[in-house]
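Q: I am new to this structure and would like a close look at its enclosed space. Please take me through that part with care, and then through some individual residues.

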Amino acid sequence: MATARAAHTATALPDGRVLVAGGFTGEENSAAGAEIYDPASDRFSPSAPMITRRHSHSATPLPDGRVLLAGGYGATGKYLASAELYDPATATFEATGPMGVPRADHVAVLLQDGRVLMIGGVSEGWTFLASAELYDPATGRFSPTGAMHEARESHAAVRLRDGRVLVAGGHRGRGASIRLYRSAEMYDPAAGTFAPAAEMAIRRHKHDAVLLPSGLVLVSGGTDERDNDGIYRSTELFDPAAGTFRAGSDMRLPRYKHRGTSIVLGDERVLLAGGATEAELYDPRTGAFAIVGGDVRMAGQFSATAPLPHGGVLITGGYGGNRGPRNRAWVFRLMRDSDRTSPRRPAGTTIRERGAPAIDRP
C-alpha cells in the first residue's frame, strides 16, 4: 500500500475492487487516508481524499454499493461522531450523519432492511458506551435505538439468519479497573431492544465472530486481562436455535485483535486471516483448523481483510512482532495446481505477499 496502516478497514466494492480506508500510521494519534486495490492489476492506487481521516472506525457496505464510514478517532486523537459515504460510481466521499454521540472501536452491523446498527464502543473521556444507534441510508440520518445492558468495547457482533444481532464479550474500564465479559446480548430490530443471551464459557475481548453457512456463529480467540500474555486458541459456537454457546475446536495458533478479519469462503470453510502471523482455515464439517501455506509472515493485529472475486481474500496492514503498522498486503488464493498435503496445512491453499509470486511450501 502507499501508506502503512493498522486499525483501518477494507471493504469489497461491487466491481471486485477493495476500498482500504483510514487506520493509524505510526503513533495512534495519526490517521491515514484511503486507497483502492484492483485485483485485475494487483495494484493499489490513491482514492479521492476522505473528508475526515480516521482510525478504529467502522466501514459498512450498503445495499446500493456505497460504503458507510463512521466514527473512530481523528488525526489528533479526537473522538469522532462524523460519518461519510464512499460512492464507487463517482469515486468520491460525501458527508452524511453525524452519529448522536462520538464513538470509536464500536461495531457496525448491516440489518436485513438496509439500516446499519452501531453498537457500543468508547467515547469522550474514556466513556464506555452501552448505547446503540441506527443509520438509515434513505434519509442519511442516525437515530437512537435501545441500549445494551452492558457498556462494551472490543466486543464482536454478528447478524443471524433471522435478522437478530448477537453481541458477545468485550470489556469496560482500563488498567486495574478493567472488566471482561462472558455475557452476550441479542438485538431485535423489530422491537429495537437488546435482551440478555446465554453466556460464553470464558470471558473474551479483542476476539472475532462470524456467521457460518449452517447458521451457527464461530467465536474465535481473544484474550484475558493480560492482553499479549493471555491470548486464546479456544473457540466457541453459538447455536441460535438452542440459544446456547458450546466449546469448539482449538485453533492452531492463538490470535487476538482480529475482529472482522474472518471470512467465509465459497466452499463454506472460514479463513481466519488476522490476529497472528499465519492464517488458518476452519472446516465446519469436521471442526478442524489447519495452517494455510505460503512463505509469508503477516502483521496480524488490527489488520483488515476483504473478499476478492474468484474466492480470493485480500489481507492488509496491521502491526505485531514488536513492529508498528505496515504497508504490506497479502493475497489468499486456492491453489488448483497442487495436490500436496501437510499435517498442518490443507492441500490447495496458499498466501502470498501482494505483488510477489505465489509460493507453496509445507
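A: In this predicted model, the search for enclosed spaces of 30 Å³ or more gives a count of 1 cavity. The largest cavity holds about 40 Å³ of space, and the residues that line it are E278, A279, V292, G293, G294, V296, R297, M298 and I351. Sorted by the character of their residues, the members of this lining fall into 5 nonpolar, 2 polar and 2 charged. Glycine is placed among the polar residues in this sorting, and G293 and G294 both belong to the lining.

From the cavity we can turn to single residues, beginning with S220. This serine is found in strand β22, a strand that runs over residues 217-220. S220 counts as buried because its relative accessible area is 2%, and buried means under 20%. The side chain of S220 is joined to the side chain of H258 by a polar contact of 3.1 Å. Once neighbours within four places in sequence are left aside, S220 is in contact with R204, H207, D208, S234, T235, M251, H258, S262 and L272, so that H258 appears in this list as well as in the polar contact.

The next residue, I231, lies in the loop between β22 (217-220) and β23 (235-239), and β22 is also the strand in which S220 is found. I231 has a relative accessibility of 24% and therefore counts as partly exposed, since that class covers values between the limits of 20% and 50%. Apart from neighbours within four places in sequence, the contacts of I231 are with G222, T223, P254, R255 and Y256. H207, which is among the contacts of S220, can also be related to I231: these two residues are 24 residues apart along the chain, and their C-alpha atoms are separated by 9.6 Å.

The last residue to consider is D87, which is found in strand β7, made up of residues 83-87. With a relative accessible area of 17%, D87 is classed as buried, because the cut-off for that class is under 20%. Leaving out neighbours within four places in sequence, D87 is in contact with R66 and T92. The C-alpha atoms of D87 and V67 are 6.8 Å apart in space, while the two residues are 20 residues apart in sequence.

Definitions and conventions:
Residues numbered from 1 in each chain as written. Predicted model: local features only at pLDDT ≥ 70, side-chain atom pairs only at ≥ 80, totals over all residues. Heavy atoms only, no water. Helix = DSSP H or I, 4+ residues; strand = E, 2+ residues; numbered from the N terminus. Buried < 20%, exposed > 50% of the residue type's maximum accessible area, 1.4 Å probe, protein only. Contact = heavy atoms within 4.5 Å. Polar contact = N/O pair within 3.5 Å; in protein donor to acceptor, adjacent residues only side chain to side chain. 1 Å grid on protein atoms, 1.4 Å probe; cavity = no way out; pocket = protein on both sides within 12 Å on 5 of 7 lines; lining within 4 Å. Points joined across faces, edges and corners; volume = space filled by probe spheres on them.
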